[in-house]
Amino acid sequence: MISFLQGDVFDNIKKLEDNSIDCVVTSPPYWGLRNYGVNGQLGLEPTYQEHIKNIVELFRAMKPKLKDSATVWLNYGDSYSSGKRTSTTNQTLRGNKNYGVTRTPVQEGIKEKDLIMIPNRIAIALQDDGWYIRSEIIWHKPNPMPESVRDRPTNCHEKIWLITKNKKYYYNSDAIKEPTTEATKQRMKSGWNGNQKKNYASGEEQNHLSNYFGSDKAKENALKGRNKRNVWTITTKPCKEAHFATFPKDLIEPCIKAGCPEGGIVLDPFGGSGTTGIVASQNNRNAILIELNKDYIDIANKRIHKELGLFNVKS
Ligand SMILES: C[S@@+](CC[C@H](N)C(=O)[O-])C[C@H]1O[C@@H](n2cnc3c(N)ncnc32)[C@H](O)[C@@H]1O
C-alpha cells in the first residue's frame, strides 16, 4: 500500500501515528539549489543555518512517529558558495536549464568558492541533537553532471547518512550482501599466510584477521557474500516525468531491504515523484509519501500506475 499526504511536511508529520514508522528514506530539497514552485518549501531559507535548523526540527517532529528500531536514510548532496552569481549550479538540474533559483550570496563564515559542507553540518547538528550517525555512505556517480571547473576535481558523489534513534535497531545485513571477491575466496581456500599479513597493520589487526579467516563459520559466511560496503556506485537516471532530481531505484533499494522489515512502513517526507513508494512496494513494504506540490503527486501517481498498477495507491 502506498499512501500520499499532500501539503507541508510539518503539518503532515503530526498526522502520523506514534511509534508506527519502520524506516525513513528521503532526500530533502538541497539548500539554495532550486525552486520547486510552491510556497512553504524547504531549501529556500536565506541562510544555511536556518535550513539546518529546519531539518533538525523536522527530525524532532519525526522522532515520536518512528519505532525504536527505525532507521533513517538521508540523502544530501553538497554545493559550493557561488559568490555573486545568481544562477544555480547545474548539480540537480536537467540540461543546464535555470528553474528560477536564486543562489544565496556569500554569507558569514563561507567564502566565495567554498564547499559549503552542508551534508556534514546537518549530520553533526543531528548528532548534537541526540541522533546516532551510524554510517556515511558515499553514492559514487559514474556519470556525474559535467562541470566547467579547472581548479578542483569534478564532483561525482553525494552522501547518504544512516541515522538511528537508538544504539540497537533493525538492520538486515544478509539482505544486501555483496558477492565475495575471487581474492577472498582464494584466501578462504589457502588460509591466511604470513606474506598476506605483512600487507596489513601489525598487532591487533593481524590477530583479528587470523581469527576471522581461521574459523569455519567465518569461512562459510564469507563465501555466502561480504558485508555491504559504504561506497555505492550507481548511475543517475533521468526520470521522464519529473524535471527535478529523482532517486535512482538502485540507490534506495538497499536502504529499504536492510532498514525495513517486510510488511513494514517506509516514510518519505519529501516524496517528489514517488520513487520511495515504488521501491517499497516492489519489495513488499508499505509507504507513506508526504509532498507539498500537488503536481508532483500527480506525477508520482502516473509512475505508480505505469510501474505497479493503480490498485495499491491511497490518498
Ligand atoms: C529532491 S525532491 C525529492 C525527490 C524524490 N526523492 C524522488 O525520487 O522523486 C524534494 C521534494 O520535496 C518537496 N518539498 C519541498 N518543501 C516541502 C515541504 N515543506 N513539505 C513537503 N514537501 C516539500 C518538493 O516539492 C520536492 O518534490
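Hi everyone, let's start with a pair of helices. Helix α2, residues 48–62, packs against helix α3, residues 118–128, at an angle of about 45°, and their axes are 10 Å apart. That angle makes α2 oblique to α3. Before I go on, please keep in mind that this is a predicted model.

As for handedness, α2 passes α3 in a right-handed crossing. Who makes the contact? On the α2 side we have Y48, I52, I55, V56 and F59, and on the α3 side I118, R121, I122, A125 and L126. Sorted by class, this contact has nine nonpolar residues, no polar ones and one charged.

Now please move along the chain with me to α9 and its partners. I'll take helix α8, residues 249–259, to begin with. The axes of α8 and α9 come within 10 Å and cross at roughly 55°, and the two helices are therefore oblique to each other. Their crossing is right-handed. From α8, the contact uses K249, I252, E253 and I256, while α9 brings T275, T276, I278, V279, A280 and Q282. The class split here is five nonpolar, three polar and two charged.

The other partner is helix α10, residues 294–308. Here α9 and α10 pack at an angle of about 25°, with axes 9 Å apart. Are they roughly parallel or roughly antiparallel? With that angle, α9 is roughly parallel to α10. Again we have a right-handed crossing, with α9 passing α10. T275, I278, S281 and Q282 of α9 meet R303, I304, E307 and L308 of α10. By class, that contact divides into three nonpolar, three polar and two charged residues. If you have the structure open, have a look at T275, I278 and Q282: these α9 residues touch α8, and they also touch α10.

Staying with α9 takes us to my last topic, the pocket. The largest pocket has a volume of about 830 Å³. Which residues are closest to its centre? Of the 50 residues in the lining, those are S27, Y36, F244, A245 and T246. The elements that give two or more residues to this lining are β5 (157–164), α9 (275–282) and β8 (286–291). So α9 turns up once more, this time in the lining of the pocket. And by class, the lining has 22 nonpolar, 19 polar and nine charged residues.

That's my tour for today. Thanks for listening, and I'm happy to go back to any of these views!

Note on methods:
Residues numbered from 1 in each chain as written. Predicted model: local features only at pLDDT ≥ 70, side-chain atom pairs only at ≥ 80, totals over all residues. Heavy atoms only, no water. 1 Å grid on protein atoms, 1.4 Å probe; cavity = no way out; pocket = protein on both sides within 12 Å on 5 of 7 lines; lining within 4 Å. Points joined across faces, edges and corners; volume = space filled by probe spheres on them. Helix = DSSP H or I, 4+ residues; strand = E, 2+ residues; numbered from the N terminus. Nonpolar A, V, L, I, M, F, W, Y, C, P; charged D, E, K, R; others polar. Axes fitted to C-alpha atoms, helices over the stretch in contact; angles between N-to-C directions. Parallel < 35°, antiparallel > 145°, perpendicular 65-115°, else oblique. Left-handed = near helix turned anticlockwise from the far one by under 90°. Contact = heavy atoms within 4.5 Å.
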